[in-house]
Amino acid sequence: MIAPATLYVVATPIGNLRDITLRALDVLAAVDVIAAEDTRTTRRLLTHFSISKRMIAVHQHNEMGAAQRIIDLLRAGQAVGFVTDAGTPGISDPGGTLVTLAREQGCNVVPVPGANAAICALSAAGIPASRFLFYGFLPPSPGPRRRELEELRSSPYTLVFYEAPHRILESVSDLADVFGAHRHLAIARELTKLFENIHICPLGDAVAWLEADPNHQKGEFVLILAASEAAREDQLSDQTQRTLKLLLEDLPLKQAVKLAADITGQSKNKIYSLALTLKSD
Ligand code: SAM
């Protein structure tokens, strides 16, 4: 079941330990060694599932050296599992270097998929997610953060950010300043954990919500900012919009979307997102 000389990139839970997959457990139990971002965190996870395994630390301060050591093990025929502290390795955490080097040096790399905070939040926020831009963490200091947000202002996509509790207030405040008060923001906190909460509000109300209760600023956060309606509408021709609007006046949403797609030849998903926006206005 486990191939030799293979790097298994294994997703782990983002909170609820029962979100580990059966395949992840099989792989972690079977590999020769586990490369982990923080061996103490991973040890707790492994202990919970009664797995005992040799580990190597791969964190941002030793990434190059550790990556080369792991590649030597792969070349010697060992199977290596690679995990980070939570979620899918390499998504806003160290590890990219290991996977890139392993591929460059001809090693076999196999993904073992599972939890990811951004996708988890998108799946339940109710904000159109057929097209989204995953941005990850914004810069910690205000100047660069504002500059990067300005660059995103005209993006036609739903925007997804990660944020830490000590910066959530200033980042949301900058989002409101740059994107205005009207777009919807989902503040997804502590996903899959005891105090999980997904709060959706207009950007203009978000800072007040965070300030209303100190608990609202605690934990880990995914922020989802709905796409600018104007930018999204630009993507569809005027004719498509006119057709859809007319159909929505007389038909249920699903039927109107299907007919508009048939008439205009545009993708159903695109028209469906536009229909949701038109309906919610
Ligand atoms: N690799 C991870 C993934 O696949 O989602 C992300 C790792 S990144 C270092 C950690 C950030 O992910 C946190 O600061 C937070 O923004 C987000 N995150 C992780 N777990 C979360 C959770 N349970 N609820 C909300 N956000 C979470």
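This report describes how the ligand is held in a predicted model of a protein chain.

The domain assignment divides the chain into domain 1 (6–115), domain 2 (118–228) and domain 3 (236–280). Between the C-alpha centres of domain 2 and domain 3 the distance is 28 Å.

The ligand is found in the largest pocket. Two elements each give two or more residues to the shell around the ligand: strand S7 (158–163) and strand S10 (221–225). Domain 1 (6–115) and domain 2 (118–228) each supply at least three residues to this shell.

In total, 19 residues surround the ligand, and the closest are Thr88, Asp93, Asn116, Tyr162 and Phe221. Sorted by class, the shell has ten nonpolar, four polar and five charged residues.

Three residues have N or O atoms paired with atoms of the ligand, as the table shows.

| Residue | Part of the residue | Ligand atom | Distance |
|---|---|---|---|
| Asparagine 116 | polar side-chain atom | oxygen | 2.8 Å |
| Alanine 117 | backbone N or O atom | oxygen | 2.9 Å |
| Glutamate 220 | side-chain N or O atom | nitrogen | 3.3 Å |

Taken alone, the ligand exposes 570 Å², and the protein buries 91% of that area.

Asparagine 116 appears twice in this picture: Asn116 is among the closest residues to the ligand, and a polar atom of its side chain lies 2.8 Å from a ligand oxygen atom. For alanine 117, the pair with a ligand oxygen atom uses a backbone atom, whereas for glutamate 220 a side-chain atom is paired with a ligand nitrogen atom.

Note on methods:
Residues are numbered from 1 along each chain as its sequence is written. This is a predicted model: local features need pLDDT of at least 70, side-chain atom pairs count only at pLDDT 80 or more; totals for chains, interfaces and linings use all residues. Side-chain values use heavy atoms; hydrogens and water are left out. A residue is near a molecule or strand if one of its heavy atoms lies within 4 Å of it. A polar contact is a pair of N or O atoms within 3.5 Å; within protein, one must be able to donate a hydrogen and the other to accept it, and residues adjacent in sequence count only if both atoms are side-chain atoms. Accessible areas come from the Shrake-Rupley method with a 1.4 Å probe; for residues, only the protein chains shown count as cover. On a 1 Å grid over the protein atoms alone, a cavity is a set of points where a 1.4 Å probe fits but cannot get out, and a pocket is an open set with protein on both sides within 12 Å along at least five of seven lines; lining residues have an atom within 4 Å of a point. A molecule sits in a cavity or pocket if more than half of its atoms lie within 2 Å of its grid points. Helices (H or I, at least four residues) and strands (E, at least two) are DSSP runs, numbered from the N terminus. Ala, Val, Leu, Ile, Met, Phe, Trp, Tyr, Cys and Pro count as nonpolar, Asp, Glu, Lys and Arg as charged, and the others, Gly among them, as polar. Domain bounds come from an automatic or database domain assignment.
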